[in-house]
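Me: I should like to learn how to read the features of a protein model, one at a time. Could we begin with the pairing of strands?

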Amino acid sequence: MSFAYSSAHQNSAVRVKRSRIDGYGVFADETVLLGAKLGGLTGEAISVAEARRRAQGRQRIMLVELSASRAIDATRSADAMRFTNHSCSPNARIQVEDGRIEFFALRNLAIGDEITVDYGLTHHEGRLACRCAQPGCSGWL
């Protein structure tokens with residue numbers, strides 16, 4: 001099962017479908033050039049304390065901290081980029097600026113490439129196994 005996405009927050013054509021990394025992933029549905037904005041992510045504005053409470057004991061979380069006090073819970077977001085999986089060798093990056101969460105290509109992407117980012121520090125605190133299977137994988141999130 002796969003879904004093509006287009007929304008006000010999507011700059012590049014993407015498709016959400018099953019991922020070999022974890023659950024569902026976001027895949028390029030068109031050629032994307034290095035540096036191109038892929039799309040954005042919206043969700044429920046919550047406190048970081050609430051984000052950490054919601055993350056307790058969950059393996060799949062869709063939380064992004066915007067600052068030391070504010071976070072976004074994208075669990076109910078209609079934005080495709082909420083399905084972006086982690087990779088220790090990502091092909092995209094997340095940029096958080098002025099309360100906006102945006103994704104940009106780190107290299108040229110071909111149709112069918114899974115879009116991945118490095119999550120950095122996560123609410124999993126090193127207890128969730130990384131499944132990216134990339135050379136040099138850190139092993140944990």
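Reply: Let us begin with one pair of residues. In this predicted model, glycine 39 has phenylalanine 103 of strand 10 as its bridge partner. That pair belongs to a set of four bridges between strand 4 and strand 10 (residues 100–105), and the two strands run antiparallel.

Me: In what order do the strands of this open sheet stand?

Reply: The open sheet has three strands in the order 4-10-9, and the pairing is antiparallel. Strand 4 (37–41) and strand 9 (92–97) are the edge strands; each has a single partner strand, so one side of each lacks a neighbour in the sheet. From one strand to the next, the twist averages 25°.

Me: What general idea helps in reading the side chains of a strand?

Reply: In a regular strand, side chains alternate between the two faces of the sheet.

Me: How many helices and strands does the protein have?

Reply: The secondary structure amounts to one helix and 11 strands. Along the sequence the pattern reads β-β-β-β-β-α-β-β-β-β-β-β.

Me: What do the totals say about burial, contacts and surface?

Reply: The protein has 141 residues, and 40% of them count as buried. Among contacts with a separation of 6 or more, 61% are between residues 24 or more positions apart. The accessible surface is about 7,800 Å², and carbon and sulfur atoms contribute 49% of it.

Me: Which residues of helix 1 are buried?

Reply: Here the reading depends on a cut-off: a residue counts as buried under 20% relative accessible area and as exposed over 50%. In helix 1, the buried residues are Val48, Ala51, Arg54 and Ala55. They span an arc of only 120° around the axis, which places them on the same side of helix 1. Ala49 and Arg53 are exposed on the other side of helix 1.

Me: What covers the buried residues of helix 1?

Reply: The cover includes strand 5, strand 6 (63–65) and strand 7 (70–73).

Me: How are these covering strands paired?

Reply: Strand 5 and strand 7 are antiparallel and share four bridges. Within this region, isoleucine 46 stands opposite alanine 71 of strand 7. Strand 6 is also antiparallel to strand 7, with three bridges between them. One residue pair to inspect is leucine 63 and its bridge partner in strand 7, aspartate 73. Strand 6 and strand 7 form a hairpin, with four residues between the two strands.

Me: Let us turn to charged side chains. What is the general idea there?

Reply: Side chains of opposite charge can pair when their charged atoms come close. In this model, the count of salt bridges is 10.

Me: Which parts does the salt bridge between arginine 54 and glutamate 44 tie together?

Reply: The closest N and O atoms of arginine 54 and glutamate 44 are 2.9 Å apart. Arginine 54 belongs to helix 1 (residues 48–55) and glutamate 44 to strand 5 (residues 44–47), so this salt bridge ties together parts that are 10 residues apart in sequence.

Me: Is arginine 54 buried or exposed?

Reply: Arginine 54 counts as buried, because its relative accessibility is 17% and the cut-off for buried is under 20%. Glutamate 44, at 35% relative accessibility, counts as partly exposed.

Me: Which salt bridges lie within helix 1?

Reply: Two examples can be followed from glutamate 50. Its side chain meets that of arginine 53 in a salt bridge, at 2.6 Å from N to O. Both residues lie in helix 1, three residues apart, which is about one turn of the helix. Glutamate 50 also forms a salt bridge with arginine 54, where the closest N and O atoms are 2.8 Å apart. This second pair likewise lies in helix 1, four residues apart, about one turn of the helix.

Me: How accessible are arginine 53 and glutamate 50?

Reply: Arginine 53 counts as exposed at 53% relative accessibility, while glutamate 50 is partly exposed with a relative accessible area of 21%.

Me: Which residues do the shared salt-bridge partners join into one network?

Reply: The network consists of Glu44, Glu50, Arg53, Arg54 and Asp73, joined by salt bridges that share partners. Asp73 has already appeared in the strand pairing, as the bridge partner of leucine 63.

Notes:
Residues numbered from 1 in each chain as written. Predicted model: local features only at pLDDT ≥ 70, side-chain atom pairs only at ≥ 80, totals over all residues. Heavy atoms only, no water. Pairing = 2+ DSSP bridges. Axes fitted to C-alpha atoms, helices over the stretch in contact; angles between N-to-C directions. Buried < 20%, exposed > 50% of the residue type's maximum accessible area, 1.4 Å probe, protein only. Contact = heavy atoms within 4.5 Å. Areas by Shrake-Rupley, 256 points an atom, 1.4 Å probe, with all protein chains shown as cover. Salt bridge = Lys/Arg side-chain N within 4 Å of Asp/Glu carboxyl O. Arc of directions from axis to C-beta.
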